[in-house]
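Got the structure open and a coffee at hand? Here are some exercises to work through, each with a solution that goes step by step.

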Amino acid sequence: MSKRSKEKIHSLPKNFKISTRILITSVLAIVIPIIIITILFFALLVFNSNSYISSNVPQGPYNIINQLQWGQTVSELTEELLNDHDDIHSLEAIKNAVAPFEESDCLIFISKNGEEFYSTDSETDIINKAEEISGKNSENNLYYFGDKGFAITTTATKNGNEFKVVIVNDNYAVTDLRSQIRSQNIFTILMNRTRIVIAVVLFTFILAIIIISLITTKTIVGPIEQITRGANEFAKGNFDYEITYKSKNELGQLVDSFNEMRLKVKESIEEKNRANQRQKEVIAGIAHDLRTPLTSVKGYLEGLRDGIADTPEKRSRYMEIIYNSTRDTEKMLDDLLAISKFELGNISLNCENVTVPDFIGFASGYAEPLSKVDFEFKITDKTRNSPVLRIDTDYFTRVINNIITNSIKYRRPEVKGLIELTISEYEHTVIFEIKDNGMGVDRESLPRIFDTLYRADKARSNVRDGSGLGLSVCKQIVELHGGLIWAQSEVGEGLSIFISLPIYSADK
């Protein structure tokens, strides 16, 4: 048998359902005592049948049934002698018991402590006849059936009293003589064995209860203790503790659910910790980004107040710097406020139907302002059926503005800028790709460029160089429209922003 087959067979009891185990336990509680009592009963019979020594049991007119009958008869006579009755009561019982045997020409001699207790003839004649029939010394225990008859000699001892029983018959007919003595002694036998029977039954049931309790403890209580230990570890915050009990029954399913819950709670806590860390980073980033323009405003205002800007040109330049810093701070606060509203669900869209040609007409307006900052702007329309989109034009314009502004900020020095807008139509969606030829983003930073206040270039500290809010606002707006936004990039080869929006159908 293979190792896998052995493991499969070994795992079968573990996979039993609780109801099945309870049923098996109930059956065992009945079967085990019955088996043990049956074994003890047969052992007692064997002991009684072996209470004599057979020197010779030849084949002849005495069949095995009669031999067993006589063996039981002698055993019952011996039991009567060993009872705690007085000699008068025992002698009367013996006379009644052997009367049927004497009518069948049996000779019986019984001695107590070497003295005659009961005899149907002289001791010498009975012993001589037993030796004549068996050809053996009758001083030893004897159990003989032969052609000349049968001879039985047995001894028994109790409380210092020794009894000897000798039974002989040279003219024995095959009859069932035990039936006559059994009816007389049945009550006595039962009374004498009651204590033994009660003790055996009690011992059997106690042993059965112990065995069943051990089985129950191992198969039911054991797994429950493992679950309890797991729950305690869980309560202590140890989410790495795993319950190793494996089974397909109810307890196994409970363990699987518990381990799955443990992993989900652990993941939830880790995500919460990451969210808290991001929140701390956002707060720190906002404080840092606001400090820069406010410091600039404060410094130039102090210069105006202290008369450092002593010429009209200086004062005009100072005022321009203050204005730009204030405008950048205002834009950052606007973006931050928009993100907060999106996350809190306080934004409602004012959507309208917009066709792709309508959108292209709007986007064409970016060409002129982009040319002033040395950027080329291209539009490619790959749609076939002029699909209709359901969008809030104000918010979606903000998305396009943020992406284009981001491309301008991250252009490569001394390289003419290029922004390409490609519109593709699919079965249920329209995908906008806005691609530039700027610095690009490394693979490590790419998944996070839509996070609040995240900058791929950690060296940038001026709000004007990018607050880290623009793409985060884009993500919130696109997802509010039921769309998706993602990015692809290679360092030094530019950045592509993809926006997927569902095609609007009047049948919906």
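Before starting, one cut-off: a residue is called buried under 20% relative accessible area, exposed over 50%, and partly exposed in between. Also keep in mind that this is a predicted model.

**Exercise 1. Follow a salt bridge**

Task: Find the salt-bridge partner of lysine 266, then work out which parts of the chain the pair ties together.

Solution:
- Step 1. The partner is aspartate 240, and the closest N and O atoms are 2.6 Å apart. A salt bridge needs a side-chain nitrogen of Lys or Arg within 4 Å of a carboxyl oxygen of Asp or Glu, so this pair qualifies.
- Step 2. Place both ends. Lysine 266 sits in helix 7 (residues 250–305), while aspartate 240 is in the loop between helix 6 and helix 7, so the bridge ties together parts 26 residues apart in sequence.
- Step 3. Check the exposure. Lysine 266 has 25% relative accessibility, so it counts as partly exposed. Aspartate 240, at 56%, is exposed.

**Exercise 2. From a pair to a network**

Task: Which residue is linked with Asp374 and Lys416 in a network of salt bridges?

Solution:
- Step 1. Start with the pair: lysine 416 and aspartate 374 form a salt bridge, with 3.2 Å between the closest N and O atoms.
- Step 2. Lysine 416 belongs to the loop between helix 11 and strand 9, and aspartate 374 to the loop between helix 10 (367–372) and strand 7, so parts 42 residues apart in sequence are tied together.
- Step 3. Both ends are partly exposed: lysine 416 has 48% relative accessibility, and aspartate 374 has 37%.
- Step 4. Now add Arg411, which is linked with Asp374 and Lys416 in the network.
- Step 5. For context, a search of the whole structure gives seven salt bridges. Another one joins the side chains of lysine 378 and glutamate 376, at 3.9 Å from N to O.

**Exercise 3. Lay out the sheet**

Task: Work out which strands stand at the edges of the five-stranded open sheet.

Solution:
- Step 1. Write down the strand order, 7-9-10-12-11, and note that the pairing is mixed.
- Step 2. Read off the ends. Strand 7 (375–382) and strand 11 (484–489) each have a single partner strand, so one side of each lacks a neighbour in the sheet.
- Step 3. Look at the twist: on average, neighbouring strands are turned by 15° against each other, direction ignored.
- Step 4. Zoom in on one edge. Strand 11 pairs with strand 12 (residues 495–502) in the antiparallel sense, over six bridges. In strand 12, leucine 495 is the bridge partner of serine 489.
- Step 5. Add the helix. Helix 11 (residues 393–409) packs on the sheet and touches strand 7, strand 9 (417–425), strand 10 (429–436) and strand 12; its direction makes about 170° with that of strand 12.

**Exercise 4. Covered or on show?**

Task: How many residues of helix 12 are buried, and which residues make a nonpolar patch on the surface?

Solution:
- Step 1. Helix 12 (residues 470–480) is mostly covered, with eight of its 11 residues buried. Among them are Leu471, Val473, Ile477 and Val478.
- Step 2. Go just past helix 12 and you meet glycine 482, with a positive phi of about 80°.
- Step 3. Now for the surface: Ile198, Leu202, Ile206, Ile210 and Leu214 make a nonpolar patch of about 500 Å².
- Step 4. Take one of its members. Isoleucine 198 lies in helix 6 (residues 178–235) and has a relative accessible area of 46%, so it is partly exposed.

Definitions and conventions. Residues are numbered from 1 along each chain as its sequence is written. This is a predicted model: local features need pLDDT of at least 70, side-chain atom pairs count only at pLDDT 80 or more; totals for chains, interfaces and linings use all residues. Side-chain values use heavy atoms; hydrogens and water are left out. Patches are made of residues with over 30% relative accessible area and no salt bridge: like charges are joined within 9 Å, nonpolar side chains (Val, Leu, Ile, Met, Phe, Trp, Tyr) within 5 Å. Accessible areas come from the Shrake-Rupley method with a 1.4 Å probe; for residues, only the protein chains shown count as cover. Helices (H or I, at least four residues) and strands (E, at least two) are DSSP runs, numbered from the N terminus. Buried means under 20% relative accessible area, exposed over 50%, partly exposed in between (1.4 Å probe, protein chains only). Two strands pair if DSSP finds at least two bridges between them. Axes are lines fitted to C-alpha atoms, for helices over the stretch in contact, and angles run from 0 to 180 degrees between N-to-C directions. Contact means heavy atoms within 4.5 Å.
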